[in-house]
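Colleague: I have a few questions about this fold before I go back to the bench. Can we take them one at a time, with the reasoning?

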Amino acid sequence: MRVNFTVNGRPQEADDVWEGESLLYVLRERLGLPGSKNACEQGECGSCTVRLDGVLVCSCLVAAGQAEGRQVDTVEGLTGENGELGTLQQAFVDAGAVQCGFCTPGLLVAADELLERNPEPSDGDIREALSGNLCRCTGYEKILDAVRLAAARAEAAEEAVRP
Ligand code: FES
Ligand code: FES
């Protein structure tokens, strides 16, 4: 079957998709978007997290056909037009929250969703929002630092343009 959907704001189509094919497979192998990572393929690790019509999903558990006509946002969409890092991505780098980096795309997508709906999250809010994303490297503290840093920078940027 053919799947037509929008990925990071651009119309896309994938041909010859078989019924059991996951959205994660289509993104990585058919559309050349390898940011979403494939680790457990069981919905356990969060490394494949994307947004489907704005809602966080494990793309390994979503059949590609379910994305027909819908909006998918991946970690690649957090990067600027010229490839520059977004605020959240830069905060992860600056806070030292990236080690092997395998969990990072899923964490970024989940953190982006959190900050969009709650620009000033408490530590509890951050922990809850990222609870579906496993990291074997960082011990999580630097990831929490990164989200706090991104929230503070976004707030400072907003204050700077406020009349
Ligand atoms: S690869 Fe999808 S949750 Fe682990
Ligand atoms: S940085 Fe390695 S799994 Fe998180």
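Modeller: Start with the naming: helices are DSSP runs of H or I with at least four residues, strands are runs of E with at least two, and both are numbered from the N terminus. Keep in mind that this is a predicted model.

Colleague: Which residue with a positive phi follows α2?

Modeller: Look just past the end of the helix. The phi there is positive, near 70°. The residue is Gly96.

Colleague: Which residues of α2 are buried?

Modeller: Buried means under 20% relative accessible area. Four names in α2 fit: Leu88, Gln89, Ala91 and Phe92.

Colleague: What arc do they cover around the axis of α2?

Modeller: An α-helix has 3.6 residues a turn, so residues three or four places apart point the same way. In α2, the buried residues sit on the same side because their arc is only 160°.

Colleague: What do the buried residues of α2 pack against?

Modeller: Packing here rests on contacts, meaning heavy atoms within 4.5 Å. On that test, the partners of α2's buried residues are α3 and α5.

Colleague: Now α5. How far does α5 reach from its first C-alpha to its last?

Modeller: This helix covers residues 141–161, which is 21 residues. At 1.5 Å a residue, 30 Å would be expected. The model comes close to that, with a reach of 31 Å.

Colleague: Which residues are buried in α5, and what arc do they cover?

Modeller: Six residues of α5 are buried: Ile143, Leu144, Ala146, Val147, Ala150 and Ala151. They lie on the same side of α5, because the arc they cover around the axis is only 160°.

Colleague: Which helices do the buried residues of α5 pack against?

Modeller: The partners come before α5 in the chain numbering, at 87–94, 104–117 and 123–129. They are α2, α3 and α4.

Colleague: Which element gives the most residues to the largest nonpolar core?

Modeller: That core has 24 residues, and those with the most contacts inside it are Leu88, Phe92, Leu130, Ile143 and Val147. The elements giving two or more residues to it are α2, α3, α4 and α5. With seven residues, the top contributor is α3.

Colleague: How many residues are in the other core?

Modeller: The other core lies apart from the largest one. Its members include Val7, Val26, Leu52 and Val57. The total is 17 residues.

Colleague: Which residues is Phe92 in contact with, leaving aside neighbours within four places in sequence?

Modeller: Phe92 is one of the buried residues of α2, and it ranks among those with the most contacts inside the largest core. Its partners are Ala97, Val98, Thr104, Leu107, Leu108, Ile143, Ala146 and Val147.

Colleague: Ser47 lies in a loop between α1 and β3. Is Ser47 buried or exposed?

Modeller: Ser47 is in contact with Ser36, Lys37, Asn38, Ala39, Phe102 and Gly106, leaving aside its neighbours within four places in sequence. Its relative accessibility is 4%, so Ser47 counts as buried.

Colleague: Which residue does Glu13 form a salt bridge with?

Modeller: The closest N and O atoms of the pair are 3.8 Å apart. Glu13 is in strand β2, and its partner is eleven residues away, in the segment before β1. At 41% relative accessibility, Glu13 counts as partly exposed. The partner is Arg2.

Colleague: Which residues are linked with Arg2 in a network of salt bridges?

Modeller: Arg2 counts as partly exposed, at 47% relative accessibility. The network links Arg2 with Glu13 and Asp15.

Colleague: How many residues apart in sequence are the parts that Arg70 and Asp53 tie together?

Modeller: Their side chains meet in a salt bridge, at 3.0 Å from N to O. Arg70 lies in the loop between β4 and β5, and Asp53 in the loop between β3 and β4, so the parts tied together are apart by 17 residues.

Colleague: How many salt bridges does the count come to?

Modeller: The cut-off is a Lys or Arg side-chain nitrogen within 4 Å of an Asp or Glu carboxyl oxygen. Arg162 and Glu158 pass, at 3.4 Å. The count comes to twelve.

Colleague: How far from Cys58 is the nearest cysteine sulfur?

Modeller: A disulfide needs sulfur atoms within 2.5 Å. The count of disulfides is zero. For Cys58, the nearest sulfur belongs to Cys48, at 4.5 Å.

Definitions and conventions
Residues are numbered from 1 along each chain as its sequence is written. Chains are lettered from A and ligands numbered from 1 in the order in which they are written. This is a predicted model: local features need pLDDT of at least 70, side-chain atom pairs count only at pLDDT 80 or more; totals for chains, interfaces and linings use all residues. Side-chain values use heavy atoms; hydrogens and water are left out. The expected span of a helix is 1.5 Å times one less than its number of residues. Buried means under 20% relative accessible area, exposed over 50%, partly exposed in between (1.4 Å probe, protein chains only). The arc is that of the directions from the helix axis to the C-beta atoms. A nonpolar core is a set of buried Ala, Val, Leu, Ile, Met, Phe, Trp, Tyr and Cys residues joined through side-chain atoms within 4.5 Å.
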